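Could you look over the two-chain model below with me? My remarks concern the interface and the empty space around it.

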Amino acid sequence: MAYFIVFLLYPALSALYYSFTDWDLRTDAAWVGLANYVDLLSDDVKYPHFWKSVQVTLQYTLIAVPLTLGTALAQALLLNAIRRGSNVFRLLLFLPVVTAEAAVGAIWRWLYDPQYGLVNSFLGLFGIPGQNWLNTPELVIPALAFIAAWQCGISMIIYLAGLKGIPDSIREAAVIDGATPIQRFWRVVFPMLRPTTFYLLVTGVIAALQVFGLVYVIFSGGGGRSVTGGPEQSGLTYVLHLYLFAFRYDAMGAACAMSFILFVFIMIITALQFRFVKQEAS
Amino acid sequence: MTTSKKVRLAPIYIALVLLVAVSVVPFVWMLATSFKHGSDVYTKVPSLLPLDRKTGDWSPTLENYEHVLQVGGLGQAFLNSVWVCLVLVPAKLLIDALAAYSFARIPFPGRDKLFVLMLAGMMVPTITLLVPRIHVTQQLGMFDSGWGLIIPNVASVLDIFLLRQFFLSLPGELEEAARIDGAGRMQIFWRIILPLSKPVLAVVTITSFIFHWNDLVWPLVVLNDPELYTLPLALQQLASSESGRAYYIMAGAALAVVPVIVVLLIFQRRIMQGIAFTGLKS
């Protein structure tokens, strides 16, 4: 019990407290009221990249989440259609999930290497010119979202469980009624997967809004612990920005304020998603 | 299997093979690069095998591994990671199981309210708790130490929740019978509850191991001393300081990834189960 008070309850409350202070973790925190919040949201001289990081994160979420869910659903449908070898395929599709963020970042930096990377030489087979993926501001987010889709195995497993839960009789009835496979998918299978999709959507959005480890690894360079937000801050996600405030610029108060803004934002998004689905259901 | 069924399934298998290629080729390329001589890595046409660039002969080398294990500090980091997991995972299992048991079976005042409060605490994003948790760890004198890696992670609300659900599903009559026979609470816990819970304990153990073996964020913020670095952290350092030498980085990535892949291959069924429950702690 003491554990939760020390490592869960107390941190949650003190994060709220510190968000109203000016604090560098070494000295005592000085109460500044709402100044952190106001400055973050409106002072673009003091916090020049705040809105940029919001924009980057929203863009990432909008691309990565649908891409991940789409890939996961496609994989699950294919796996569900076969018997022989489905365990082996599932295992291989799942490999990227158990891979450490640090390794994922390192591997993909090498895959995206503009000169020698596998991604560009693969595209070269189709006559598509190679890109400098991680150094071109417009390409950074799609490149990161692709990695997220590559790691869609958890969603795939959950979709697969959802598909197994659809009774065969319903499917057979649709076949007897003469529905084509595409009709069967849109009219029968997809609607029955709606609760699964909704669950994955909510958790996926929450996770995407907090993406950090991967961008940290991909955009740290030059030795030591220096880390950038990528070319023109195009990979500066919200949590990466928060991390920089807390552990690079010693602005713990501002970092706590940022984390609470994120917390409230996540709550709002989650509530909206629930309401949206409720309306659709009624 | 009839011929028409085979024809119908063919496109499905082709699609699956393509998807599996996307998820697996990065690993193959990682391993190939890690066994290549430096001079064979940067070739115009990338090769998925460690071949000599001039003659095309099979020429793998272990030099990269020797280099990163000794000079790159990954040997030490590997040992650190093993040590942390060996201490952390069993300790966590014990504490989570004890807490779950008391939430499931011991009626103490305010229990259910406390449980709900704990679950609500799970809604707070990890990142919000990061800064204050570091502060707590500092005040407890555990910052930048092995204990700082372990103690703050030694209980997980999600695992307690999982275990509690399982304990609740065990028949209460067993316990009553044991109590009549004169068994104390701890005896019941050790002799009856834990042996009956092996499947769920296995799930929690394996997912915990994978999660902590891969974890980057907590070691990143709690450690300063490179001697204490865990594998993901050391790999991240290596990736940023040796960014021009992919063969070293890939050897490091392989060191981080291969143990988990081995665990995945051995325990695949339990892991898939665990994912459906926990989403690998995400």
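The numbered points below take the basis of the values, then the interface, the pocket and the cavity.

1. This is a predicted model, in which local features need pLDDT of at least 70 and side-chain atom pairs count only at pLDDT 80 or more, while totals for chains, interfaces and linings use all residues. Residues are numbered from 1 along each chain as its sequence is written, chains are lettered from A and ligands numbered from 1 in the order in which they are written, and side-chain values use heavy atoms, with hydrogens and water left out.

2. At the interface, 77 residues of chain A are in contact with 86 residues of chain B (contact means heavy atoms within 4.5 Å). The two chains bury about 7,100 Å² between them, with 79% of it on carbon and sulfur atoms; buried area is the accessible area (1.4 Å probe) that two parts lose on being put together, summed over both. Helix α1 (residues 2-18) of chain A provides the largest share of the side of chain A that touches chain B, 12 residues (helices are DSSP runs of H or I, at least four residues, numbered from the N terminus).

3. By class, the side of chain A that touches chain B divides into 57 nonpolar, 14 polar and 6 charged residues, where Ala, Val, Leu, Ile, Met, Phe, Trp, Tyr, Cys and Pro count as nonpolar, Asp, Glu, Lys and Arg as charged, and the others, Gly among them, as polar. The rule finds 0 salt bridges across the interface of chain A and chain B (a side-chain nitrogen of Lys or Arg within 4 Å of a carboxyl oxygen of Asp or Glu).

4. The second largest pocket holds about 1,400 Å³ of space; a pocket is an open set of points on a 1 Å grid over the protein atoms alone, with protein on both sides within 12 Å along at least five of seven lines, and lining residues have an atom within 4 Å of a point. Of its 36 lining residues, the closest to the centre are A:Leu77, A:Asn80, A:Ala81, A:Ile82 and A:Arg171. Nevertheless, α1(B) gives the most to this lining, with 7 residues, and the lining has 22 nonpolar, 3 polar and 11 charged residues.

5. The count comes to 1 cavity of 30 Å³ or more (a cavity is a set of grid points where a 1.4 Å probe fits but cannot get out). The largest cavity has a volume of about 100 Å³, and its lining includes B:Cys85, B:His212, B:Asp215 and B:Trp218. Helix α4(B) gives the most to that lining, with 4 residues.

Key:
Helix = DSSP H or I, 4+ residues; strand = E, 2+ residues; numbered from the N terminus. Points joined across faces, edges and corners; volume = space filled by probe spheres on them.
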